[in-house]
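Student: Could we go through this protein together, one question at a time? I would like to see how each answer is reached.

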Amino acid sequence: NFNLEKNKKIEIVIMAGGLGTRLKPYTNILPKPLLPFRNKTIIENVITTFTNYGLNNFIVSLNYKNTLIKAFFKDLSPNFKVSFLEETKPLGTAGVLYKLKNKNKKYIISNCDVVFDIDYNYLINFHEKKKFDITLVGALQKDKIPYGVCKVKNNKLQSIIEKPENNYTANTGLYLVNSKVFKLINKNENLSFVDLINRAVHKKMSIGVFPIPSNAWIDLGQSIDFSRKN
């Protein structure tokens with residue numbers, strides 16, 4: 001099940017070009033990927049989840065304060081390969097990937113601030129066996145309202161549903177993608193990954209959803225209180 005040679009060929013793109021506005025004032029000093037979590041930087045936590053599966057080739061997409069991030073990796077002398085994709089202007093979460101469109105490879109696209117606890121071998125096998133062009137990793141979320149919910153029409157009560165529960169699949173922002181998908185991006189286009197997926201749906205490409213439990217990921221970019229999760 002664990003094919004090291006196959007995993008070596010898959011490159012990981014870590015999107016680290018964001019401004020980290022949700023984590024101000026910390027990000028006034030340090031770019032978000034270099035903030036601390038579990039005794040090292042957030043981006044090292046992200047990278048370790050991949051290197052545990054023999055995924056050792058990383059491309060870090062940079063914009064904001066990129067000299068600090070590049071200097072950090074130079075100092076680190078890592079036992080994995082890191083190269084950089086640099087934006088000169090903000091291109092959203094997908095625009096910068098235009099540069100990878102002719103590579104004929106598979107890429108895992110990851111945020112720099114979301115840490116997953118999943119078996120990447122299963123994800124890769126799922127993607128390949130089902131011949132998907134894009135596999136989106138989706139977390140199963142339950143939404144429970146602790147009240148009776150009133151169904152109302154023209155100010156008249158139709159019924160009361162007690163403590164309703166809805167199940168959703170949340171987009172975690174982790175994707176496994178065949179590089180031909182990047183041909184849907186125009187040069188220097190500011191495009192989000194969600195827009196790229198919608199474009200791929202429109203083009204009748206094959207897109208899968210790989211389900212993970214809601215506790216298999218931590219989004220550190222959502223919370224100013226990330227230090228308490230140590």
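Student: Is K204 buried or exposed?

Tutor: In this predicted model, local features need pLDDT of at least 70, side-chain atom pairs count only at pLDDT 80 or more, and totals for chains, interfaces and linings use all residues. Residues are numbered from 1 along each chain as its sequence is written, and side-chain values use heavy atoms, with hydrogens and water left out. Buried means under 20% relative accessible area, exposed over 50%, and partly exposed in between, with a 1.4 Å probe and protein chains only. K204 has a relative accessible area of 75%, so K204 is exposed.

Student: Where is K204 found?

Tutor: Helices (H or I, at least four residues) and strands (E, at least two) are DSSP runs, numbered from the N terminus. K204, whose phi is near 65 degrees, a positive value in a residue other than glycine, is found in the loop between α6 and β12.

Student: Is N154 buried or exposed?

Tutor: The place of N154 is in the loop between β9 (148–153) and β10 (156–162), and its phi, near 50 degrees, is a positive value in a residue other than glycine. Its relative accessible area is 70%, and therefore N154 is exposed.

Student: Is S179 buried or exposed?

Tutor: S179 sits in the loop between β11 (165–178) and α6 (193–202). Taking contact to mean heavy atoms within 4.5 Å, and not counting residues up to four places away in sequence, S179 touches L100, K101, K103, N104, K105 and Y107. Its relative accessible area is 3%, so S179 is buried.

Student: What is the order of the strands in the open sheet of seven strands?

Tutor: Strands of a sheet pair through backbone hydrogen bonds, either parallel or antiparallel, and two strands count as paired if DSSP finds at least two bridges between them. The pairing in this open sheet is mixed, and its edge strands, β5 (81–86) and β12 (207–212), each pair on one side only. The order is β5-β4-β1-β6-β11-β8-β12.

Student: Which residue in β11 is the bridge partner of G138?

Tutor: Strand β8 (residues 134–144) pairs with β11 in the antiparallel sense over 10 bridges. The partner of G138 in β11 is N171.

Student: Which helix gives the most to the largest nonpolar core?

Tutor: A nonpolar core is a set of buried Ala, Val, Leu, Ile, Met, Phe, Trp, Tyr and Cys residues joined through side-chain atoms within 4.5 Å. Of the 40 residues in the largest one, F50, L55, I108, F116, Y120 and I212 touch the most other members. The helix that gives the most, with five residues, is α3 (residues 42–51).
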